[in-house]
Protein chains: 2
Amino acid sequence: MSGDMSRSAPTLEVVAALAGVSRATASRVLSGTGRSSSQAQEAVLAAAEKLGYVPNLAARSLVTRRSDAVAFVVAEDERTFFADPFFPTLLQGAQEVVADRGLQLMFMIVRDEPSHRRLVNYAAGGHLDGVMLVSLHGTDTMPQDLEARGIPVVLVGRPIVDEPLRSYVDADNQGGAASATELLVARGCRRIAAITGPMDMAVGQDRQAGYRRALADAGISYDESLVAAGDFSRESGERAMRELLAAEPAIDGLFAANDLMALGAMSAIGESGRSVPGDVAVVGFDDTPLAAQTRPALTTVRQPIAELGRAMAQCLLDRIAGSGRSEPVIVQTEIVHRTTA
Amino acid sequence: MSGDMSRSAPTLEVVAALAGVSRATASRVLSGTGRSSSQAQEAVLAAAEKLGYVPNLAARSLVTRRSDAVAFVVAEDERTFFADPFFPTLLQGAQEVVADRGLQLMFMIVRDEPSHRRLVNYAAGGHLDGVMLVSLHGTDTMPQDLEARGIPVVLVGRPIVDEPLRSYVDADNQGGAASATELLVARGCRRIAAITGPMDMAVGQDRQAGYRRALADAGISYDESLVAAGDFSRESGERAMRELLAAEPAIDGLFAANDLMALGAMSAIGESGRSVPGDVAVVGFDDTPLAAQTRPALTTVRQPIAELGRAMAQCLLDRIAGSGRSEPVIVQTEIVHRTTA
DNA sequence: CTGTTAGCGCATTCAG
DNA sequence: CTGAATGCGCTAACAG
């Protein structure tokens, strides 16, 4: 039967009293700022330990004007977020460097307008020193709203509106997509289809651009009936492939803009009685864990997702520390050869 | 080229000045507390809008001694969390009611000792009014640590150490598992295997207990060689089934303690050349979306996951509001008949 | 209905 | 090296 502590969180005041020093000294000892005699140090530490003292972060935040917390924000509905292993890996990378600096990382999903506003207010209210923004669609103004209030924002994925001032990290999407398509060409494919990502995001546009570029380089003319739009979900890949196959039965290669859609497409290909890679060679994008697990194993374009997360966090912390605006960070991709192409 | 706002977030003071009223009045208008003349109201609102005023939450928190934020904490590593659709659905349910009350929900994953301590300090530091704790293993003392500091905690899943005071919500795991096993018996299975969840969690113990009870009720003796331990991951289900089949080839029914393991087990069954449900009937637990999507579709025990999340949040908010300690909430389960059994 | 007053708990000057 | 004093921005009494 523990007593009700809710009315009596020990303050710095009482710690100092018990240690026989002033608040100021106690504060210095506990935050490691300034210097203090080992005598005072021991006394304060002992008192804090004994009382189970925990600093009141709101009070500290009020005076330091920092919160020591940053957010990892996903502008996507839960379903999408949890269905794609891309996100957790990114989160993990970011978490690593943030925790390393002793900051709190808070994770939030903002999908609708109300939650969008809540986030901005929350951050502007002083609870967030910075924001990492993932999966931004179209012309969402969240970054601007945040930056306008002095909150540094780092995006993962090139923002679709070109503003030189915006910080972001990204993979070489166009280069990766081009490599994937070249591989298909090298394998002898002639009717190479593509399932694109959401075209309201740079990642969708860039990967399609890579596909077109590689086709052009190979002297294959671009055929619109070989391109279908997806939204990065498995289901969209399956649906798109079904349509593609119906419209153009001679398809012998496929570039899917991410692994999840590639898997969906492979289901559709199988259903149609075709084999992979015998009848249709397939290349995905991301190299999520799923790619290696599926049968047949998926040939795909690897992007170093965790590194992307680390870079994003690093970039944000730098900006919070005030080291000016950082240049975009672009990480390279590489083909991972497995069995689907 | 927007000006640098970072040094000048407008305070209540300047809003009040611009509106020609006192801080107190401005505060009342903006927080909707107390009454104020429509005249003052208009003036304050206009001023706030014009200045882009956002309250400093740290300052408010310091005086109200509340943070208006609660956490959804998962004591599990990222991989596990993101692999199981159970969690996002739960989160969604919780998010609904939390957002409805205008509170912030922060999501955190605490897997190791450091992050564990960080969370407790963060909460004790006044940044959290309450905590929802998911997937608590063994004798983790996080709930006690938190409650000892006056932070209300609600668990999902019965805590494994029996303390009458702890608040939790849970499904009728034993009843559900018993129903599943009964179904297998009714289908004519005689050698019914079980793949359990982690036995350091009540959910693991309870579902196994349900299995044993149903077996006993049917007059079938419990055979240890028909039971293998899993950890709720797909891989563990696959591995367990392989071992089970090797040790006891005559198995004709399987109860898996969750859907993910059931799917893994079905892979192993397929690999062994057996068919589902022809040779081995299978029943899972949860009814996550995966259950309906897989081929053959999985017969399983449905628990209303989103409802569980809502109940959990509701329970927490009640406790924060001080309406005493709430009774455990137990939601009922039901069999969903598909094709695997 | 409104203004005045008084802290919330802490980090940080500035003297000593 | 240490203590006393100050104020961060806000809400909650309390008077008017």
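Colleague: Which residues does A:His116 touch, not counting residues up to four places away in sequence?

Modeller: In this predicted model, A:His116 touches A:Val110, A:Asp140, A:Met142 and A:Asp145, with residues up to four places away in sequence left out. The place of A:His116 itself is in helix H7 of chain A.

Colleague: Why is A:His116 called buried?

Modeller: Its relative accessible area is 10%, and buried means under 20%. A:His116 therefore counts as buried.

Colleague: What makes A:Ala46 partly exposed?

Modeller: The relative accessibility of A:Ala46 is 46%. Exposed would require over 50%, and buried under 20%, so A:Ala46 counts as partly exposed. The residue lies in helix H3 of chain A, which covers residues 38–51. A:Ala46 is 28 residues apart from A:Leu18 in sequence, while their C-alpha atoms are 9.2 Å apart in space.

Colleague: How do you know that the length of helix H7 of chain B agrees with its number of residues?

Modeller: The helix runs over residues 113–127 of chain B and has 15 residues. The expected span is 1.5 Å times one less than the number of residues, which gives 21 Å for this helix. The end C-alpha atoms are 20 Å apart, so the two values agree.

Colleague: Which residues of H7(B) are buried, and what do they pack against?

Modeller: The buried residues are B:Ser115, B:His116, B:Leu119, B:Val120, B:Tyr122, B:Ala123, B:Ala124, B:Gly125 and B:His127. From chain A, H4, strand E2 (104–109) and helix H7 (113–127) pack against the buried residues of H7(B). From chain B, the partners are strand E1 (69–74), strand E2 (104–109) and helix H8 (142–148).

Colleague: What makes the pair of A:Thr25 and DNA strand D a polar contact?

Modeller: A polar side-chain atom of A:Thr25 lies 2.6 Å from a phosphate oxygen of DNA strand D. A polar contact needs N or O atoms within 3.5 Å, so this pair qualifies. Phosphate oxygens of DNA strand D also lie 3.1 Å from a polar backbone atom of A:Ser22 and 3.3 Å from a polar backbone atom of B:Asn56.

Colleague: Which residues come nearest to DNA strand D?

Modeller: Of the 26 residues around this strand, A:Thr25, A:Arg28, A:Ser37, B:Leu12 and B:Tyr53 come nearest. Of the atoms of DNA strand D within 4 Å of the protein, 67% belong to sugar or phosphate, and the rest belong to bases. By class, the surface near DNA strand D has 11 nonpolar, eight polar and seven charged residues.

Colleague: Which residues come nearest to DNA strand C?

Modeller: A:Leu12, A:Tyr53, B:Thr25, B:Arg35 and B:Ser37 come nearest, out of 26 residues around DNA strand C. Sugar and phosphate make up 63% of the atoms of this strand that come within 4 Å of the protein. H2 and H4 of chain A and H2 and H4 of chain B each supply at least two residues of the surface near DNA strand C.

Colleague: What makes the pair of B:Ser37 and DNA strand C a polar contact?

Modeller: A polar side-chain atom of B:Ser37 is 2.5 Å from a phosphate oxygen of DNA strand C. With the limit set at within 3.5 Å, the pair therefore counts as a polar contact. Backbone N or O atoms also lie beside phosphate oxygens of DNA strand C, at 3.2 Å for A:Asn56 and at 3.0 Å for B:Ser22.

Notes: Residues numbered from 1 in each chain as written. Chains lettered and ligands numbered in written order. Predicted model: local features only at pLDDT ≥ 70, side-chain atom pairs only at ≥ 80, totals over all residues. Heavy atoms only, no water. Helix = DSSP H or I, 4+ residues; strand = E, 2+ residues; numbered from the N terminus. Buried < 20%, exposed > 50% of the residue type's maximum accessible area, 1.4 Å probe, protein only. Near = heavy atom within 4 Å. Polar contact = N/O pair within 3.5 Å; in protein donor to acceptor, adjacent residues only side chain to side chain. Nonpolar A, V, L, I, M, F, W, Y, C, P; charged D, E, K, R; others polar. Contact = heavy atoms within 4.5 Å.
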